[in-house]
Structures are given as structure tokens and as C-alpha cells.
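Student: Please pick one part of this structure and go through it closely, together with what packs around it. I would like one connected account rather than a list.

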Amino acid sequence: MLIKVLLVAFFSLESSTIQHASVLCFSFSGIVPSLLAVGRIGKQAKHRQTSYDKLDNSRTLLWSSVPFWHDLEHEMGKTYRAPVPSCIDSVLQPAAPKFSTDHPTLFRERHGWCPYSERVWLSLELLSVPYDTILIDNTGGPRPPYYRGGQTPQIKWPSGQQQGESMDLVQRLDSENQSFDFQMSNPEVKQAIAQFRSIFPSRARPSSRAAFLFQSNGEPLFRSTFEDTLLKTDQLLSESGGPFFTGEKFTAADIAWAPFLERYRYQLPCLHIGLCPDDQEKYPHLSAWYDAMDHNPEYACRVKGNSSSWRKVLLMAGFGNAGMVPPNIAENVQSLIREEDEQRNNINGKSGVDLDLWQKYAEPRPHVAPTPRAQVAQIISRNRDAILKDTLKQIHSKGDTIVDELPSTLEELDETMRELAEALLGGDDGTTLTNHSRRTVGAFASFLNNRMCVPRDMGAMPAASLQHLAWQLQTYN
């Protein structure tokens with residue numbers, strides 16, 4: 001089931017219009033008002049949504065206390081109405097766009113798997129400069145005629161020049177922008193970047209979604225190989241004085257290493273039980289680096305993936321593991337999930353969301369909601385028609401066991417989605433919902449949590465907020 005989950009994209013943080021919808025398998029509707037919003041009832045401060053249902057083969061009008069979409073969007077405020085940076089999925093929208101002559105356009109891999117794309121994406125986020133995004137298929141699917149070819153990432157500069165190679169792009173961004181100093185000219189930074197190639201395994205099977213993990217025969221690299229890599233990385237960090245690769249300040253060296261160490265953090269325990277790169281006792285300096293990265297707003301709030309998504313990626317057969325998934329990986333993943341569930345229950349399901357860190361990320365970005373929960377609500381609202389379509393498809397195909405608890409009609413499912421958005425906006429933990437609503441809204445939140453992939457669909461922090469709400473609602477049941 002985890003394998004199937006990842007095959008369909010769900011929603012995109014960066015899509016706000018039909019022209020610039022960022023999707024993988026279907027078109028989002030953007031901010032077009034829902035067709036189900038049929039009118040207002042009375043003159044209450046909170047308007048009511050009407051919906052229809054068939055009872056005994058007759059159409060019966062049901063009154064609902066759930067607010068309209070436009071009421072929810074009004075509650076979301078100015079961040080919902082703010083322009084969202086353009087992000088185009090070139091597989092679904094192959095026509096050539098009008099490229100900006102004011103700011104760069106980033107071509108990055110469409111699933112969020114490519115670690116080299118992540119380097120440049122993180123750099124642009126750190127610089128807080130305007131940029132557009134075009135998502136490119138790296139798995140053999142169609143590519144737009146205007147893409148010059150080659151792998152991701154690439155940048156089309158305002159001059160019209162198109163350039164590749166991740167660290168070359170980072171260096172140029174560093175030289176042309178003064179808002180964040182990556183120190184690319186610093187010899188120590190250059191040396192730390194160069195040591196990545198000498199420390200990471202040299203004979204691993206190429207893969208963007210499972211980088212430096214598998215042998216050419218599809219089997220995982222030996223545990224001793226990974227342990228040697230982690231020990232050398234920990235030693236390199238200890239020599240710098242930490243917590244970053246060249247000392248106290250974040251530099252281009254951390255940009256170069258981050259995507260690969262991020263994947264190791266969540267994927268190595270799936271290959272070899274107990275092999276945890278963030279183990280404080282075995283790898284104290286590497287553990288401190290992970291902690292420092294988790295306090296970087298741009299990385300932690302938007303660019304970083306999470307454990308659930310990197311596990312889903314690992315369970316996909318295909319390029320990177322020679323077309324097969326080693327049988328022990330699925331068993332290890334299920335064991336890790338059980339451990340996390342137990343830990344969540346023991347700490348009363350705390351989400352671990354850092355609101356202060358989120359505010360630092362949101363402050364310079366007018367289109368980003370003030371809280372991670374509100375960000376989820378915005379994403380759901382912007383993409384609601386596509387989410388409804390996909391959910392109904394899953395319900396009818398029984399593609400997920402959770403769908404058995406979801407409403408089976410368009411009208412009822414739309415109402416459940418609005419209840420979820422209202423709960424996210426209001427900080428509701430489920431105590432104000434009826435028992436029936438808790439079950440359906442909780443099931444829908446769990447369904448979305450299972451379907452999404454981070455950071456493709458949203459950042460790790462909003463995803464954690466959605467997962468936390470799903471846990472709360474399921475716990476009340």
C-alpha cells in the first residue's frame with residue numbers, strides 16, 4: 001500500500017492559479033469557488049452551506065453548520081489572497097511559459113526526490129529572492145520541448161541563459177545576491193564541499209530517490225560501508241568545531257551535504273535496523289548538525305522531507321534498487337512506524353511543531369500562512385476540486401482502507417473537507433466536533449496524511465500539523 005500511495009501526487013503549496021498549478025497527475029482548480037457553494041442562509045456572521053443527498057430516491061435538503069469555502073478563505077486572510085510564486089508542472093502543462101526577465105526560473109525534479117535539485121532550491125529559499133519553478137520529469141516521462149535536455153537542476157537566468165550543475169548554480173546565486181553569504185570563495189568551504197565525494201560511497205547505484213544506498217545488483221550497501229561514511233562525516237564535523245561543516249555559521253558546504261544526509265537520516269534505519277545517523281552517542285557531531293539544520297527556517301519549514309515520505313520512496317521498486325525492493329526493508333519500515341506510534345502515544349501526541357521557527361519562515365513571504373495548520377488549510381482550499389476528485393476515485397476503487405470511513409458522495413465529502421479546514425484554522429483538536437464528525441474528519445485527515453509526500457506537496461512542518469490533528473481525531477474515536 002505504501003508503494004501505491006506514492007504513485008499519485010496530491011497537492012502543491014506553490015499552486016494558486018489554473019495556469020500555474022503544480023501537479024503530478026491531474027490539474028488543480030486553483031481558487032475557483034466551489035460549485036457546491038449555492039448561496040447564503042440568512043444574515044448570520046457565519047454563513048451556512050447547503051448540500052444535497054439522496055434519501056429513499058428523493059433529493060432532500062440538508063442544513064449544515066459548516067461554513068462556505070469563501071468564508072473559510074476570508075478567515076485565512078491576506079496570505080490566502082497574496083500572489084503565489086509560479087510553479088508549473090511541465091508534464092501536465094508542456095506549453096512554453098513566458099519566462100521572467102526579472103528573476104531566475106528553477107528547473108527541478110517534479111517529485112522532490114533529486115538531491116541536487118534540493119541544493120539549489122534550498123539556496124533560493126535562503127536568499128529569499130523571487131524565483132519561478134518548472135517541474136521536470138526525471139523518470140523517463142515526457143519533457144517540454146523548451147527544456148534543453150540534461151538532468152536537473154538547471155536555472156534559466158533573466159538574460160535567457162540556461163545553466164546546470166548544482167554547486168555552480170549555488171556559486172552564481174551567492175555571487176549575485178548579498179542577502180545570505182554562502183562563502184563559496186572561502187577555501188575551508190570549498191574543501192568541505194570537495195570532501196563529500198571522498199567520504200560518501202563511491203560504488204553505489206545512481207538514483208535520485210535512493211542516493212548512495214544500493215549496490216549495482218539492487219541490494220543495500222553493507223552496513224559497514226554506511227558506518228564508515230557516518231564516522232568520517234562525524235569526524236569532519238568535529239574538526240570544524242560545529243555545529244556546521246565549517247564552524248558556527250551555515251555555508252555552502254552545508255547546502256552541498258544536506259540533501260544526502262537528510263535521506264540517510266530516514267532511510268538508513270530502513271536498510272539496517274539500529275543504524276541511525278542522528279544517534280547522539282555514536283555520532284555526536286553529526287547529531288548536532290542535524291539539530292542545527294532543524295532550526296534553519298527555510299530548510300525545516302519547506303525544503304526538508306520527512307521520515308514517512310522518504311520511507312515511501314524507498315519502498316518503490318524501480319530505478320535505484322534494480323527493479324526490486326529487498327524484502328527486509330518493508331518489515332523494517334513497519335517496525336519503525338510502530339515505534340513512532342508508541343512514542344507519539346507516550347508523549348500525548350505532541351506535534352513537535354516550532355511555531356517561532358515557522359513565523360521566521362513566513363514573515364518575509366506574504367503568501368505563507370501564519371501557522372503550519374493554517375498553511376495546510378490554504379493548500380486544501382486552493383486544491384479542493386482536485387482533492388475531491390482523487391478522494392472519490394480512491395473511495396470507488398477501495399485503494400485505501402481508510403476510505404471505508406469516508407463519505408461516498410461529493411456533497412458530503414466536500415462538507416468533511418470544509419470541517420477539516422475549519423478545524424485547522426481554529427486550532428480545533430476535535431473536542432467541538434460531534435462523534436460522527438470526529439470519525440469522518442479524522443479519517444479524511446489520515447487519508448490526506450497517507451497520500452501526501454513531503455516536500456513535494458507541502459513542507460515538513462505543515463505535514464506534521466496535519467498528522468498531529470489526524471492522530472488527535474483518531475484518538476478521540
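Tutor: Start with one pair of residues: Cys87 has Thr133, in β5, as its bridge partner. The model is a predicted one, and every value below is computed from it. Cys87 belongs to β3, which spans residues 87-89, and β3 pairs with β5 (residues 132-136) in the parallel sense, over three bridges. That pairing is part of an open sheet of five strands, in the order β3-β5-β4-β6-β7 and with mixed pairing. β3 and β7 (162-164) stand at the edges; each has a single partner strand, so one side of each lacks a neighbour in the sheet. On average, neighbouring strands here are turned by 20 degrees against each other, with direction ignored.

Two helices that pack on this sheet come next. Helix α4 (residues 115-127) touches β4 (105-109) and β6 (154-156), and its direction makes about 145 degrees with that of β4. Helix α5 (residues 166-176) touches β6 and β7, and its direction makes about 120 degrees with that of β7.

α5 deserves the closer look. Its buried residues are Ser166, Met167, Leu169, Val170, Leu173 and Asp174. They lie on the same side of α5, because the arc they cover around the axis is only 155 degrees. The spacing fits the general rule: an α-helix has 3.6 residues a turn, so residues three or four places apart point the same way. The cover over these buried residues includes α4, β6, β7, α6 (187-199) and α8 (252-271).

One residue beyond the helix shows how that cover is put together. Met184 is in the loop between α5 and α6. Its relative accessible area is 8%, and the cut-off for a buried residue is under 20%, so Met184 counts as buried. Leaving aside residues up to four places away in sequence, Met184 touches Met167, Val170, Gln171, Asp174, Lys190, Ile193 and Ala252. Of these, Met167, Val170 and Asp174 are among the buried residues of α5. Lys190 and Ile193 fall within α6, and Ala252 falls within α8. Met184 also lies 8.3 Å from Ala253, C-alpha to C-alpha, although 69 residues separate the two in sequence.

Back at the sheet, two charged side chains sit over rings. The charged end of Arg108 is over the ring of Trp121, 3.8 Å from its centre; Arg108 is in β4 and Trp121 in α4. The charged end of Lys156 is over the ring of Phe99, 4.9 Å from its centre, and Lys156 is in β6.

Ring-to-ring pairs extend the picture towards α8. The whole structure holds 23 aromatic pairs. One of them joins Phe245 and Trp257, which are stacked at 4.6 Å centre to centre with 25 degrees between the planes. Phe245 lies in the loop between α7 (223-240) and α8, while Trp257 lies in helix α8, so the pair ties together parts twelve residues apart in sequence. Both Phe245 and Trp257 are buried. They belong to one aromatic cluster whose members include Tyr116, Phe196, Phe260 and Tyr264. Tyr116 is in α4, Phe196 is in α6 and Phe260 and Tyr264 are in α8.

As for the setting, the protein has 18 helices and seven strands. Of its 477 residues, 57% count as buried. Among contacts between residues at least 6 apart in sequence, 71% join residues at least 24 apart.

Definitions and conventions
Residues numbered from 1 in each chain as written. Predicted model: local features only at pLDDT ≥ 70, side-chain atom pairs only at ≥ 80, totals over all residues. Heavy atoms only, no water. Pairing = 2+ DSSP bridges. Helix = DSSP H or I, 4+ residues; strand = E, 2+ residues; numbered from the N terminus. Axes fitted to C-alpha atoms, helices over the stretch in contact; angles between N-to-C directions. Contact = heavy atoms within 4.5 Å. Buried < 20%, exposed > 50% of the residue type's maximum accessible area, 1.4 Å probe, protein only. Arc of directions from axis to C-beta. Phe/Tyr/Trp six-rings, centres within 6.5 Å; stacked < 30°, edge-to-face > 60°. Lys NZ or Arg CZ within 6 Å of the ring centre and 35° of its normal.
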